Amino acid sequence: MAQPDVMDKLVSLCKRRGFIFQSSEIYGGTGSVWDYGPLGVELKRNIKDHWWNAMVRSRDDVVGLDAAILMHPRVWEASGHVGGFVDPLVDCKTCKGRFRADKLEDARCPQKPSKQPGQHDACQLTEPRQFNLMFKTFMGPLEESASTVYLRPETAQGIFVNFLNVQQSTRQKVPFGIAQIGKAFRNEITPGNFIFRTREFEQMEMQFFVEPGSDMEWFEQWKAARMKWHLDIGLSPERLQFHQHGAGELAHYARAAFDVTFDFGGTLGFQEIEGIHNRGDFDLTQHQNFSSKKLEYFDQPNNKRYVPYVVETSVGADRVTLAVLVNAYREESVEGEDEGRVVLGLHSSLAPIKAAVFPLTRKDGQPEMARRIVEDLRPVMAVDYDETGSIGKRYRRQDEVGTPYCITVDPQSITDESVTVRDRDSLAQDRVNTSQLKSYLAGKLAG
Ligand code: ATP
């Protein structure tokens, strides 16, 4: 079944409710750079925490790292980015638009009616030329080529150059992995589709070092583990697919590569959200050659030395955030009401607010009791208090940002210490004693 295109509605919801704003908006905005507002930062943090827990905290064979964004310029020569991190760029002499020659089918020309670049009679596309995607800057006071540094276009290289530091300081034995979350920068030719493709973004990457020969087995294990993770955060199974890189797509050093793709709906359809790659010994060998430092592993029990192979999992935190939002967005009619509701059916572990507390009216001690409940819950979950507008409006406001539970204090609450707890999805209401509230919610949120 074709999934609907909800992008425009999401962009407006995200701005209105404080998930995501355009960067430097009061100056007219910066091209394809976005800021996360109060609810967006919580959502993205919950996604990153989910990843960190699954990849690092719950395993004893993967450890964490937080490497710097700026690295020695030779790193990018060794990695192949200086010579080869290029996209084919075409210009249109008529509209002055710039497009990726290999993604023309995803682009729209500014002429009316908007078509794929090259399809209007007026289009005049140039021959493709290679454009390096790395942002360059200078380290120190002199703007000369000797002081050129790059903003990293991926986090992985920080892991490769620290392979021995980490292995020796933690005494990890191969097979083991190093994981990190951090910013990456790419001067994309055609960024767009909200936070799908931006010039500054966050990656969550893990490099798993294995003995040559065991790489395909680990590759299969990581493929399965990563697909499970996407399902665990609530992405719908029918919207997830693997895409295997064919011979033409495969990087020259890659032994195998699969993308996890997600169906973003509309014309965007299935797109990559994560790459799982068997990189062989390409990266460590390159760094060995360029740095003249040995990056071998000594397998003591078997008394042999080798350069490990690497199985990599690389996922964009922002792209997953977009997938989560698209997946969660739904519009519903409500029985007995003219107005429908917009719901973000977020997995409760990702929801920025877990429970909202409302006094039915602003009198008779109800606000005070509601505030006491908020303070009681705050140490264990993200809570919100709201006393403005009708109760129906307050429910709608919380539905729209994905809050799983709404707690209402009413006249009965004052006499018997019970409150109603409304479930975002089923709309069922339970009456719960306040002394039981914490454990009731904890049980529901864990389930
Ligand atoms: P694409 O083909 O979409 O440009 P890629 O194959 O270059 O992506 P990788 O280098 O494998 O992507 O990066 C791993 C992940 O990082 C991607 O799956 C995606 O989630 C994320 N990512 C890459 N580029 C961007 C970007 N410009 N904006 C947001 N996320 C990105």
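A residue counts as buried here if 20 or more other C-beta atoms lie within 10 Å of its own, with C-beta atoms placed from the backbone. That definition is needed at several stops of this tour. The model is predicted.

**Whole chain**

Start with everything shown as a C-alpha trace. Along its principal axes the trace spans about 75 × 70 × 50 Å. The chain contains 13 helices and 23 strands. Of its 447 residues, 32% are buried. Taking contacts between residues at least 6 apart in sequence, 64% join residues at least 24 apart.

Next, colour by domain. Domain 1 takes in 7-77 + 151-326, and domain 2 covers 353-446. Over C-alpha atoms, the centres of domain 1 and domain 2 are separated by 38 Å.

**Helix 11**

Select residues 391-401, which form helix 11. Tyr395, Gln398, Asp399 and Val401 are buried in this helix. Show what covers these buried residues: the cover includes helix 2 (38-57), strand 18 (341-344), strand 19, strand 21 and strand 22. Then step to glycine 402, which follows helix 11 and has a positive phi, near 85 degrees.

**The five-stranded sheet**

Stay in this part of the chain and show strands 19 to 23. Five strands make an open sheet of mixed pairing, in the order 20-19-21-22-23. Strand 20 (383-385) and strand 23 (429-433) are the edges; each has a single partner strand, so one side of each lacks a neighbour in the sheet. On average, neighbouring strands of this sheet are turned by 25 degrees against each other, direction ignored.

Now isolate strand 22 (residues 418-423) and strand 23, which run antiparallel and are joined by five bridges. One pair to pick out is serine 418 with its bridge partner in strand 23, asparagine 433.

Add residues 434-446, helix 13. This helix lies across strand 19 (355-359), strand 21 (405-409), strand 22 and strand 23. Helix 13 runs at about 130 degrees to strand 23.

**The three-stranded sheet**

Move to strands 4, 5 and 6. These form an open sheet in the order 5-4-6, with antiparallel pairing. Which strands stand at the edges? They are strand 5 (98-100) and strand 6 (129-132), each with a single partner strand, so one side of each is left without a neighbour in the sheet. Here neighbouring strands are turned by 50 degrees against each other on average, direction ignored.

Zoom in on strand 4 (residues 86-91), which pairs with strand 5 in the antiparallel sense over three bridges. Leucine 89 has arginine 100 in strand 5 as its bridge partner.

**Strand 16 and its partners**

Select 309-316, strand 16. Eight of its eight residues are buried. In a regular strand the side chains alternate between the two faces of the sheet. Tyr309, Val311, Thr313 and Val315 point one way from strand 16, while Val310, Glu312, Ser314 and Gly316 point the other way.

Add strand 10 (200-210) and strand 13 (270-280). Strand 10 runs antiparallel to strand 16, and eight bridges join the two. Valine 210 stands opposite tyrosine 309 in strand 16. Strand 13 also pairs with strand 16 in the antiparallel sense, over six bridges. Glycine 280 stands opposite valine 310 in strand 16.

**Isoleucine 276**

Within strand 13, centre on isoleucine 276. Is isoleucine 276 buried or exposed? Isoleucine 276 has 25 other C-beta atoms within 10 Å, and is therefore buried. Leaving aside neighbours within four places in sequence, isoleucine 276 is in contact with Trp222, Lys223, Arg226, Ala257, Phe258 and Thr313. For lysine 223, 53 residues away along the chain, the C-alpha atoms of the two residues are separated by 6.7 Å.

**The ligand**

Finish by showing the ligand and the residues around it. Of the 16 residues in this shell, Phe201, Gly275, Ser314, Gly316 and Arg319 come nearest. Strand 10, strand 13, strand 16 and helix 9 (317-328) each supply at least two residues of the shell. Strand 13 gives the most, with four residues. Colour the shell by class to see three nonpolar, five polar and eight charged residues. Ser314 and Gly316, among the nearest to the ligand, are buried residues of strand 16.

How values were computed. Residues are numbered from 1 along each chain as its sequence is written. This is a predicted model: local features need pLDDT of at least 70, side-chain atom pairs count only at pLDDT 80 or more; totals for chains, interfaces and linings use all residues. A residue is near a molecule or strand if its C-beta atom, placed from the backbone, lies within 6 Å of it. Ala, Val, Leu, Ile, Met, Phe, Trp, Tyr, Cys and Pro count as nonpolar, Asp, Glu, Lys and Arg as charged, and the others, Gly among them, as polar. Domain bounds come from an automatic or database domain assignment. Two strands pair if DSSP finds at least two bridges between them. Axes are lines fitted to C-alpha atoms, for helices over the stretch in contact, and angles run from 0 to 180 degrees between N-to-C directions. Two residues are in contact if their C-beta atoms, placed from the backbone, lie within 7 Å. A residue is buried if 20 or more other C-beta atoms lie within 10 Å of its own, exposed if 12 or fewer, and partly exposed in between; C-beta atoms are placed from the backbone.
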